[in-house]
Amino acid sequence: MAETMQAFSSQLPVPVVPKLAVRELVMTRRTASRETVTATDQLTFEVATGEFVCLLGPSAAGKTLLLNVLAGLEMPTSGEALLDGHPIAGPGPDRAVLFQEPSLFPWLSVRGNVELALELVGAPAGEREALARRWLTNVGLERWADAQPHELSAGMRQRAALARALAADPDVLLGDEPFGALDAQARELLQREVERVWLEAEGRKTFLFVTHNVREAAVLADRVLVMSAAPGRLLEEFRIHAPRPRSLDDVLVGRVVTEIHDLLMREVDESVAREMAR
Amino acid sequence: MVDTSRSQADDQLAELSLTEEEKLVLAKVADILRRIRFGTVVLVVQDGKVVQVEMAEKFRLR
């Protein structure tokens, strides 16, 4: 018991410069009817190196836009997004993104897809195959290395995408509902894979996942940030100090799930009421 | 609410004659309670012993 209790007194290391930081970020988007809609409003938060953070919110809270900004795929309307204290100007090999739909190249084998990622980050040609095989083994796809993506199930394709994202050894893994399109079993398997990879990195890798699955967030994250309905602002933060791997049956996890769920339901109800009153 | 009047609390503690291990658990819980404003603390007990202390802390950001 002494050990588990000891672990408590040591808080998360808080480095001077956070790995990721978002300051007063505003994102607007134009609708088809040429209306300007504010997607995220004055969003400010930080993610420390080695943290696993889940960003949770109703649909249209601007979660994907926010993730795209951090990935360097979109620029903020105002405010700033920082990586290691520097403004994010574009995509980079230091950040990998896991999308809901695994965007594997259909003309390459599973291993070919991973090798391509390795080539893009400049891994020596002679080492790519071995590295790719190692990552595919790591996600349980060693037997499928030479298969084409279409031969794989949705869960296996997402595992291949995970192997490809991690093979490039990024500091940051950004996930945009990466398990959203999977069935319950495949989802749970992948959650375990992701958690294991994060744990094995021993504080070197920072994961930020956007999700609308409350249970997923409570099981995986050190910190859960809950966003409001559009325009997305931060409502509450939950810091979860519990050993891993966590289970949905854990009392603490269940309690956090209930609290976040109630908060989100209230938020959605209020946002509907606001819409009706307009 | 817990009665915090000194004598009564002391009496109750004396009556329990806590073991060292129990004192450690209570000290840990008190430490957590002093640090959090909103949240949940869970003690996991196995075979009569606290084997784990878990907590979730909640912050209002709006």
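In the predicted model, helix α4 (residues 125-138) of chain A packs against helix α5 (residues 154-167) of chain A at an angle of about 130 degrees, and their axes are 9 Å apart. Angles over 145 degrees count as roughly antiparallel, 65 to 115 as roughly perpendicular and the rest above that range as oblique; α4(A) and α5(A) are therefore oblique to each other. Their crossing is right-handed. On the α4(A) side, the contact is made by A:Leu131, A:Ala132, A:Trp135, A:Leu136 and A:Asn138, while α5(A) contributes A:Ala163, A:Leu166 and A:Ala167. Classified by residue type, this contact of α4(A) with α5(A) holds seven nonpolar residues and one polar residue, with no charged residues.

Chain A also contains an open sheet of four strands, in the order β2-β1-β4-β5, with antiparallel pairing. The edges of this sheet are occupied by β2 (36-47) and β5 (86-87) of chain A. Each of these two strands has a single partner strand, so one side of each is left without a neighbour in the sheet. Strand β1 (residues 20-30) of chain A runs antiparallel to β2(A), and the two are joined by eight bridges. Within this pairing, A:Leu25 has A:Leu43 of β2(A) as its bridge partner. Helix α2 (residues 63-71) of chain A lies across three strands of chain A, namely β1, β2 and β4 (78-83). The direction of α2(A) is at about 120 degrees to that of β1(A).

The contact between the two chains takes 20 residues from chain A and 17 residues from chain B. On the side of chain B that touches chain A, β1 (39-46) and β2 (49-60) of chain B each supply at least two residues. The largest share of that side comes from β2(B), which provides twelve residues. By class, the side of chain B that touches chain A comprises eight nonpolar, seven charged and two polar residues.

Strand pairing also links the two chains. Strand β10 (residues 234-241) of chain A pairs with β2(B) in the antiparallel sense, over six bridges. One residue of chain A with a bridge partner in β2(B) is A:Glu236, whose partner is B:Arg60. Strand β2(B) thus appears twice in the description of chain B: as the source of the largest share of the side that touches chain A, and as the strand paired with β10 of chain A.

Conventions:
Residues numbered from 1 in each chain as written. Chains lettered and ligands numbered in written order. Predicted model: local features only at pLDDT ≥ 70, side-chain atom pairs only at ≥ 80, totals over all residues. Axes fitted to C-alpha atoms, helices over the stretch in contact; angles between N-to-C directions. Parallel < 35°, antiparallel > 145°, perpendicular 65-115°, else oblique. Left-handed = near helix turned anticlockwise from the far one by under 90°. Contact = placed C-beta atoms within 7 Å. Nonpolar A, V, L, I, M, F, W, Y, C, P; charged D, E, K, R; others polar. Pairing = 2+ DSSP bridges.
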